[in-house]
Amino acid sequence: MTSDSGRPVRYATVVIIALVLLSVLLPIADALSALGYFHEKTYLLVLQDNTELRNTGGFLACVGTIDVQNGEPTNLNLHYTSNSTYANSTNGGIIKIDGPQSFTDFYGTQLVHFRDMNVQYDFATFAPLCAAAYKELTGQTVDGVISLDFSALQELLKTTGPVTVGNEVITWRNVIDRVHYVSATATEASKTDLTAFLTELGNKLIATVQAADPVEKLLLLSTLQTLSQQQHLLIYAPGALPSGYDGAIQNKGGDYLYVVDSNYGGGKADLNVNRTITYQTHIEDNGTQTSNLTITYVNNCGWDYKVFTTALVPNGAQLLDARYSSQALGPLVTASDGLTTISSWVVVAPHSAANVTYTYTLPATVGSAGVFGHYDLYVQKQAGIDHYTLNTDVTLPHGAQVIHESNVGNGTVTSGDVQVEVIYR
Amino acid sequence: MKRRSKAIGTSAIILIAVLLTAVVLFATLQTDLTTESARNEQNPLYVQSQSIVQVRLGKSATANNVTFRVQNVMNGTDPEARQVWATYDTDHYAPLNPVQGSTYVIINATVASAINGTSPFRYSDVVCVGNDGRSYYANYAVGNASCSASLAAERLKPGGACSVYVAFSVPDDVAPTKIVYTASNPAISVDLV
């Protein structure tokens with residue numbers, strides 16, 4: 001090979017190496033930027049109380065900001081989400097929302113309190129709206145939004161061990177009750193007792209992590225990864241992190257199911273409410289489907305559990321029937337995010353179970369590859385829920401034989417998303 | 001040819017050695033992480049203070065400015081506890097349904113100022129000691145209106161006793177052995193067994 005004929009090969013090799021290096025270095029640069037290595041970053045911190053479930057994970061117990069510089073978090077500043085907290089609030093802390101339609105239609109309003117504004121179906125949609133509302137109320141701009149729920153607080157304390165806050169020992173066993181006690185007994189509308197408690201707790205956790213040895217830091221990283229997968233920790237940092245940390249709707253084509261619940265008026269009940277999602281679908285010979293979705297709630301609390309529940313299913317779904325076993329309002333069928341949404345308001349009596357069942361048809365979602373049919377169902381878990389039970393049943397077209405199936409059956413207790421797959425011929 | 005075979009053989013041995021070392025290191029790290037996780041998840045061991053007043057269930061003890069008596073110990077399903085939690089609307093904030101693998105131990109204690117003035121008292125200074133030798137710290141406390149006000153203010157008014165219910169979350173397989181009021185000197189230790 002002469003030097004002239006080898007030149008294009010060398011150039012191509014250099015270009016390929018450069019592209020590979022860029023593809024490796026750019027995410028690293030983004031991550032370093034997100035961690036404040038190039039200049040300080042300020043994140044909006046949202047603490048969601050998932051014992052009172054809301055669409056994006058829980059009631060907005062506290063919000064605030066935290067700075068990150070060279071990977072070190074500093075300047076944690078929290079405040080309660082009541083309307084009186086915000087100096088710039090000229091409208092009583094009321095925020096105008098433009099959806100989702102299920103909420104605005106059912107409740108007949110586009111105006112919500114800041115602390116109740118997480119009505120969007122996922123954190124990725126809520127986070128930029130929350131950041132904009134926060135800027136409107138406080139004048140402060142942020143580089144991203146981080147959400148933690150109370151289950152995350154418990155898991156972090158399991159990882160770090162107990163910390164002392166105001167001479168009290170806080171462990172994973174008592175942290176949720178302690179936060180609720182401080183909140184319930186706070187004397188001022190701005191709940192400075194609560195924010196002082198949470199700020200000290202946050203600073204103690206940060207100090208513990210900073211002082212940790214490498215094994216403890218690895219353990220913490222592993223905990224954070226698990227919390228992120230289970231959507232107890234959510235991070236919205238556009239351009240800085242790969243997708244998968246922001247709880248976005250995962251509509252990947254095929255069949256899809258995402259049940260999103262909000263507890264309005266049911267108190268701090270949700271760690272004591274068990275959910276079972278039962279999904280049965282019948283694939284017709286032409287590939288269309290008829291599906292039965294039953295959501296069962298078991299309320300172990302001593303008072304009514306009131307839930308506004310929305311099932312997000314593939315676009316084009318036609319609701320045939322809705323049945324309720326208890327007091328309920330609905331169904332309301334709307335569209336959002338390229339999906340069909342079916343909503344109801346359900347009351348579950350104390351120490352009892354209640355369910356809602358929807359029957360609907362779907363256009364063909366089944367794929368095919370040669371002689372094989374391929375049915376995929378993605379069941380997305382709502383942020384803030386610790387776990388739920390999933391039952392699935394797939395009835396294939398006449399004469400079809402199963403070649404392979406996964407996650408089909410009853411009693412799958414899961415704390416994350418589930419991919420159901422059936423291949424048949 | 002022979003030299004090349006020898007080099008390949010040496011490389012293979014080095015590669016296997018590196019892989020084995022990596023596997024061993026990874027396994028050690030996993031063990032360390034599991035041990036660390038289990039250690040941090042547990043509550044701290046109870047360390048008895050040098051000076052204590054020891055009493056039995058139902059008996060009062062006074063130390064510093066506080067008189068302390070544990071009347072009764074129950075679990076979260078006890079009708080008395082349920083009644084108290086429902087009466088003071090506490091269950092909407094702290095439902096007595098523990099996380100999986102845990103149970104609530106609830107004590108009914110009477111506390112009073114032992115002097116002719118107010119005395120500091122925090123229910124979070126009351127610790128439940130399990131038969132595993134570990135300290136379990138208070139989760140929540142409930143009392144009647146005036147008692148709740150005293151608890152929130154962390155001061156006991158002179159005259160009259162405050163009847164308070166304090167809840168502790170403990171593992172299912174752990175039984176409470178003593179309740180200790182740790183803020184006084186000497187500490188007051190109530191034996192439950």
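Q: Two strands pair if DSSP finds at least two bridges between them; how many bridges join strand β1 of chain A to strand β6 of chain A?
A: First, the ground rules: this is a predicted model, local features need pLDDT of at least 70, side-chain atom pairs count only at pLDDT 80 or more, and totals for chains, interfaces and linings use all residues. Residues are numbered from 1 along each chain as its sequence is written, while chains are lettered from A and ligands numbered from 1 in the order in which they are written. Now the strands (DSSP runs of E, at least two residues; helices are H or I, at least four; both are numbered from the N terminus): β1 (residues 41-49) and β6 (residues 144-149) of chain A run parallel and share 6 bridges, so they count as paired. As one example, A:L45 has A:I146 in β6(A) as its bridge partner.

Q: Why do β3 and β9 of chain A stand at the edges?
A: The open sheet has 5 strands, ordered β3-β2-β1-β6-β9 in chain A, with mixed pairing. β3 (72-80) and β9 (233-236) each have a single partner strand, so one side of each has no neighbour in the sheet. Helix α4 (residues 150-160) of chain A lies across β1, β6 and β9 of chain A.

Q: What makes α7(A) and α1(B) roughly perpendicular to each other?
A: Their axes (lines fitted to C-alpha atoms, for helices over the stretch in contact, with angles from 0 to 180 degrees between N-to-C directions) come within 10 Å and cross at roughly 80 degrees. Roughly perpendicular means 65 to 115 degrees (under 35 is roughly parallel, over 145 roughly antiparallel, the rest oblique), and therefore the label fits α7(A) and α1(B). In contact terms (C-beta atoms, placed from the backbone, within 7 Å), A:V215, A:E216, A:L218, A:L219 and A:S222 meet B:D32, B:L33, B:E36 and B:S37.

Q: Why is A:L224 called partly exposed?
A: Buried takes 20 or more other C-beta atoms within 10 Å, exposed takes 12 or fewer, and partly exposed is in between, with C-beta atoms placed from the backbone. A:L224, in helix α7 of chain A, has 17, so partly exposed is the label.

Q: Which residues touch the most other members of the largest nonpolar core?
A: A nonpolar core is a set of buried Ala, Val, Leu, Ile, Met, Phe, Trp, Tyr and Cys residues joined through C-beta atoms within 7 Å. In this one, with 103 residues, the top connectors are A:L44, A:C130, A:V145, B:V164 and B:V166. Helix α3 (residues 123-138) of chain A gives the largest share, 8 residues. Not counting residues up to four places away in sequence, A:L44 touches several residues, including A:V63, A:C130 and A:V145.

Note on methods: Contact = placed C-beta atoms within 7 Å.
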